[in-house]
Amino acid sequence: MQGQTQSISFDGREIRLTTGRFAPQAGGSVLVECGDTAVLVTATRSGGREGIDFLPLICDYEERLYAAGRIPGSFMRRESRPPERATLIARLIDRPMRPLFPSWMRDDLQIVATCLSLDERVPPDVLAVTGASLATLLAKIPFHGPMAAVRVGLLGDDFVLNPSYREIERSELDLVVAGTPEGVIMVEAGANQLPEQDVIEAIDFGYEAVCELIKAQQALLKDLGIEQVIPEAKTEDPTLPAFLEKECSAAIGEVLQHFEQTKAERDEKLDAIKAEVVTKIAALAEDDPIRLAASGKALGNSYKGLTKKLMRGQILKEGKRVDGRSLDQVRPISAAAGVLPKRVHGSALFQRGLTQVLSCATLGTPSDAQEMDDLNPSTEKTYLHHYNFPPYSVGETRPMRSPGRREIGHGALAERALIPVLPSKESFPYVLRVVSECLSSNGSTSMGSVCGSTLALMDAGVPLKAPVSGAAMGLIKEGDEVRILTDIQGIEDFLGDMDFKVAGTEKGITALQMDMKITGLAVKTVADAVNQARPARLHILEKMLSAIEKPRDTLSPHAPRLLSFRIDPELIGTVIGPGGRTIKGITERTNTKIDIEDGGIVTIASHDGAAAEEAQRIIEGLTRRVSEGEQFQGTVTRVIPIGAFVEILPGKEGMIHISQLSEARVEKVEDVVKVGDQVTVRVREIDNRGRINLTLRGVPQAEEPATV
């Protein structure tokens with residue numbers, strides 16, 4: 001089991017790459033280590049499938065809780081369904097890898113990254129992305145690599161490469177950049193309303209580091225004596241494409257020039273042209289070369305390729321898109337807030353072109369926070385954003401199952417875009433959930449979710465720091481000719497080269513996500529796309545604010561009312577009481593829901609504001625430190641033969657011994673006080689067990705109840 005380990009010096013750290021020791025039957029495998037984080041990445045290729053027209057690539061990221069010295073918290077005590085963060089890391093691997101495989105490949109490919117050990121100073125995700133590239137190269141799979149990824153943080157005025165989890169929490173930026181020798185191929189970022197120029201500089205900084213890792217991979221392959229398999233362009237029979245170009249180009253071009261038509265009308269006309277050429281081919285002799293070349297899915301693929309070529313040519317040559325917009329023009333926008341009854345705490349409908357998203361916001365109590373059972377040190381989420389994409393949104397029918405990777409990814413992007421503008425936990429202690437229902441899709445439903453969810457949160461009365469809008473940017477690149485498209489629609493996403501989502505406020509960017517269909521893009525072109533997105537975002541934001549200018553002043557009558565305050569953490573046990581009896585008694589007495597965090601933050605939830613205030617008074621009374629000599633106006637709650645108990649603060653009692661009831665001798669407690677009497681008492685002493693001893697001796701009794 002001897003392997004070969006080589007080290008890369010990277011930003012003052014050592015990245016260790018072990019090959020030839022683990023997973024010997026995989027096509028290629030590498031153990032990537034940095035600090036005490038270790039990720040095993042494998043790449044395997046198996047025989048191709050007949051009759052498919054896509055690349056069957058599977059990228060999986062597996063978490064094992066033994067990596068952090070933990071046992072799973074599930075009933076079965078073993079890992080089962082991947083947690084959400086693991087799914088997002090799997091997507092992080094897939095997105096830069098997929099465009100680097102040759103378009104003609106139909107072999108089954110699987111990349112599996114398994115986190116075997118976790119060092120909280122070294123997040124494993126970017127190591128897994130880089131490891132996926134190296135494992136693929138070691139497996140000698142045709143691949144336009146190498147590819148590598150780094151994370152960039154911003155602490156103060158300094159960019160930090162591959163920051164720790166704690167540094168990410170403090171950072172103004174969490175940016176992942178992946179690239180190839182040809183340029184940037186993926187960007188994923190969350191930012192605290194950073195100006196565009198700062199984000200562009202961070203991408204440039206990250207890509208320089210990516211180039212170092214690419215060179216290290218190339219050097220490692222050379223040392224191992226492995227020659228990279230460069231994909232070769234597959235020779236295609238030009239017979240069918242030439243026939244389609246001759247027969248269909250004029251008709252397709254005419255359809256693409258009808259800017260006023262709807263998507264459905266355009267699709268119907270394109271299908272009619274295709275049906276007509278199918279009829280022509282069917283009338284040819286059985287041994288005709290054109291008819292033979294049109295077998296299987298070849299005709300559909302060639303027709304799609306011709307449509308793509310003509311649409312892209314129209315944009316490059318004439319600067320006109322299929323709906324007649326200029327390259328930097330946004331589709332018509334409509335927005336409305338409060339579209340559902342107030343049983344839904346907040347709602348909004350956002351529409352851009354044919355893309356329509358309904359977002360609904362719910363205010364919950366701290367106990368509604370999601371507990372995370374994964375390797376990330378952050379153990380709970382207080383803001384949840386869920387995205388649903390039903391089949392009717394694209395006019396299709398299919399079974400509706402649990403959320404797929406796409407739904408999870410789009411929800412996480414919208415969540416990341418809004419987190420920087422949410423109020424602090426102390427000022428607004430609600431747990432928030434937003435659900436974005438995609439009702440109609442024709443490009444960039446994720447950015448529609450960002451816009452709609454901003455409006456829904458404002459409708460729910462959430463005091464956002466600033467409203468957030470988003471736009472999706474596209475790209476057409478042929479040789480040195482490049483055109484950036486603002487607010488892409490479905491056909492431009494499908495036939496274009498880039499999907500670049502940019503979200504932010506008027507102040508700056510809060511989230512980015514860029515995916516490519518080509519093998520890399522210059523940083524300057526990425527910067528141009530970021531800058532071109534700003535006026536589009538501000539235009540969309542203006543339309544949004546015409547629907548609701550600021551957050552509602554009041555919450556829905558059906559939303560819970562929360563009070564939040566802090567107590568001494570050492571007194572949490574006093575509030576909870578033996579076996580939870582004290583806090584249970586408070587909740588039953590006031591009909592409230594009470595949550596106490598380890599740091600001493602108490603949150604009280606109730607639909608009755610007066611009841612919540614009563615619960616707060618009780619808890620503050622229980623946790624107030626009483627000093628000797630203080631006087632209180634209290635109520636006698638119990639009488640026993642040796643004295644009487646008096647509630648001096650809500651939930652806090654002291655005892656007056658019978659000898660302290662009067663200056664004179666008292667034979668029977670009831671001769672002086674009875675249950676329900678209002679008395680003024682002084683704290684005589686607090687014993688070593690924390691019990692409060694009171695006295696009436698020498699204390700003038702007030703005619704009117706008053707607390708001193």
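Mentor: In this predicted model, a residue is called buried when its relative accessible area is under 20%.

Trainee: What makes helix 10 mostly covered?

Mentor: Set the helix against that cut-off of under 20%: 15 of its 15 residues are buried, and helix 10 is therefore described as mostly covered.

Trainee: How do you know that the span of helix 10 agrees with what is expected?

Mentor: Helix 10 covers residues 445-459, and at 1.5 Å a residue its 15 residues should span 21 Å. Its end C-alpha atoms are 20 Å apart, so the two values agree. Just after the helix, Gly-461 has a positive phi of about 90°.

Trainee: Why are strand 2 and strand 3 said to pair?

Mentor: Pairing needs at least two bridges, and five join strand 2 (residues 13-19) to strand 3, so they pair; they run antiparallel. Ile-15, for instance, stands opposite Cys-34 in strand 3.

Trainee: What joins strand 3 to strand 4?

Mentor: Seven bridges do, again in the antiparallel sense, with Val-32 opposite Val-39. The two strands form a hairpin with two residues between them, and Gly-35 in the turn has a positive phi of about 60°.

Trainee: Which strands stand at the edges of the open sheet ordered 11-12-13-17-16, and why?

Mentor: In that five-stranded sheet of mixed pairing, they are strand 11 (333-337) and strand 16 (383-388). Each has a single partner strand, so one side of each is left without a neighbour in the sheet. Further in, strand 13 and strand 17 pair over nine bridges in the antiparallel sense, and Ser-359 stands opposite Ser-436.

Note on methods
Residues are numbered from 1 along each chain as its sequence is written. This is a predicted model: local features need pLDDT of at least 70, side-chain atom pairs count only at pLDDT 80 or more; totals for chains, interfaces and linings use all residues. Side-chain values use heavy atoms; hydrogens and water are left out. Helices (H or I, at least four residues) and strands (E, at least two) are DSSP runs, numbered from the N terminus. The expected span of a helix is 1.5 Å times one less than its number of residues. Buried means under 20% relative accessible area, exposed over 50%, partly exposed in between (1.4 Å probe, protein chains only).
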